Amino acid sequence: MAELRPIAPAFVVPGPSGVAVRDRLKHLTPEDDKVLRLVGAHLGALASADLKTRCADGLGHCAGTWAARKRELTALSSARWAGAITKASHDQWALARRCQARHIGDLEAAITTITRRLSLPVGTKGTRTEPGGYRSAREWFAKSRRLHLLQDRLKRLRADQQAGRVRVVRGGKRLARARHFEVI
C-alpha cells in the first residue's frame with residue numbers, strides 16, 4: 001500500500017490588504033444632495049481637464065510635469081484630491097497606451113493572415129493548421145479591399161503610437177456612446 005505524504009503548497013497567497021466599501025449614501029437632505037452634486041461636478045471637471053493635459057503631454061511627460069499638474073490642481077482642490085486625480089489620469093493614459101499596442105498587434109496579425117490567404121489561388125483547400133485560399137473571386141476581392149483598410153488603419157495607429165497620442169474617453173466607450181446616442 002502506498003504511503004500518503006502531505007503535499008506542501010508551492011506558494012502562499014497573502015490575504016487582502018485593504019477594504020473597499022461601496023455603498024449608497026442614505027438619508028441625505030436636499031442640501032446634502034446639492035452639495036455632493038456640486039463637489040462631484042467640480043472634481044469631475046478637474047479630472048477631465050487633467051486627463052486632457054496628460055494626453056497632450058504624450059511621451060514628453062516626466063515627474064516635473066506631473067508635479068506641476070498636481071500643484072495646479074491643489075490650488076483648486078486639496079492635495080489629496082489632486083494626487084488622486086493626477087494618478088488616475090496617468091493610469092488611464094497608460095492603459096490607453098497598452099490597449100493601443102494590443103490593437104496594433106491584432107491588426108498586424110489580421111494583415112498577415114489576409115495577405116497569406118490572398119497569395120493562395122482561389123479555392124485552395126486549407127490544412128488543419130493553416131487556412132486555404134478564399135472560396136470565390138468575389139470574396140478574394142472583398143478581402144483585398146479589407147487589407148488596404150487595415151493597412152491604412154495600422155499606419156495611422158503606428159504614427160499615433162510614435163507620437164505618444166492616445167484616444168481616451170472619460171467614463172469609457174460605453175458611456176460616450178450613450179451620451180451621443182439620440183432616440184428618434
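1. A term to start with: a residue is buried under 20% relative accessible area, exposed over 50%, and partly exposed in between. By that rule His-148, at 49% relative accessibility, counts as partly exposed. This residue sits in helix α4. Its C-alpha lies 9.0 Å from that of Ile-111, although 37 residues separate the two in sequence.

2. Please keep in mind that this is a predicted model. The chain has a mean pLDDT of 87, with 88% of its residues at 70 or more. Of the chain's elements, α4 has the highest mean pLDDT, 96, while helix α5 (residues 173-180) has the lowest, 76. A general caution for your own reading: where pLDDT is low, predicted coordinates should not be read in detail.

3. Back to α4, which covers residues 137-163. Its 27 residues reach 39 Å from the first C-alpha to the last, close to the 39 Å expected at 1.5 Å a residue. Just after the helix, Gly-164 adopts a positive phi of about 80°.

4. Which residues of α4 are buried? They are Ser-144, Leu-147, Leu-150, Leu-154, Leu-157 and Asp-160. The buried residues of this helix pack against α3 (79-119). As general background, an α-helix has 3.6 residues a turn, so residues three or four places apart point the same way.

5. Do take a look at the surface as well. Leu-25, Leu-28 and Leu-36 form a nonpolar patch there, and together they have about 270 Å² of accessible area. Leu-25 belongs to the segment before α1 (30-57). With 59% relative accessibility, Leu-25 counts as exposed, because the cut-off for that word is over 50%.

Technical notes:
Residues numbered from 1 in each chain as written. Predicted model: local features only at pLDDT ≥ 70, side-chain atom pairs only at ≥ 80, totals over all residues. Heavy atoms only, no water. Helix = DSSP H or I, 4+ residues; strand = E, 2+ residues; numbered from the N terminus. Expected span 1.5 Å × (residues − 1). Buried < 20%, exposed > 50% of the residue type's maximum accessible area, 1.4 Å probe, protein only. Contact = heavy atoms within 4.5 Å. Patch = residues over 30% accessible without salt bridge, like charges linked within 9 Å, V, L, I, M, F, W, Y side chains within 5 Å. Areas by Shrake-Rupley, 256 points an atom, 1.4 Å probe, with all protein chains shown as cover. Salt bridge = Lys/Arg side-chain N within 4 Å of Asp/Glu carboxyl O. pLDDT = per-residue confidence, 0-100.
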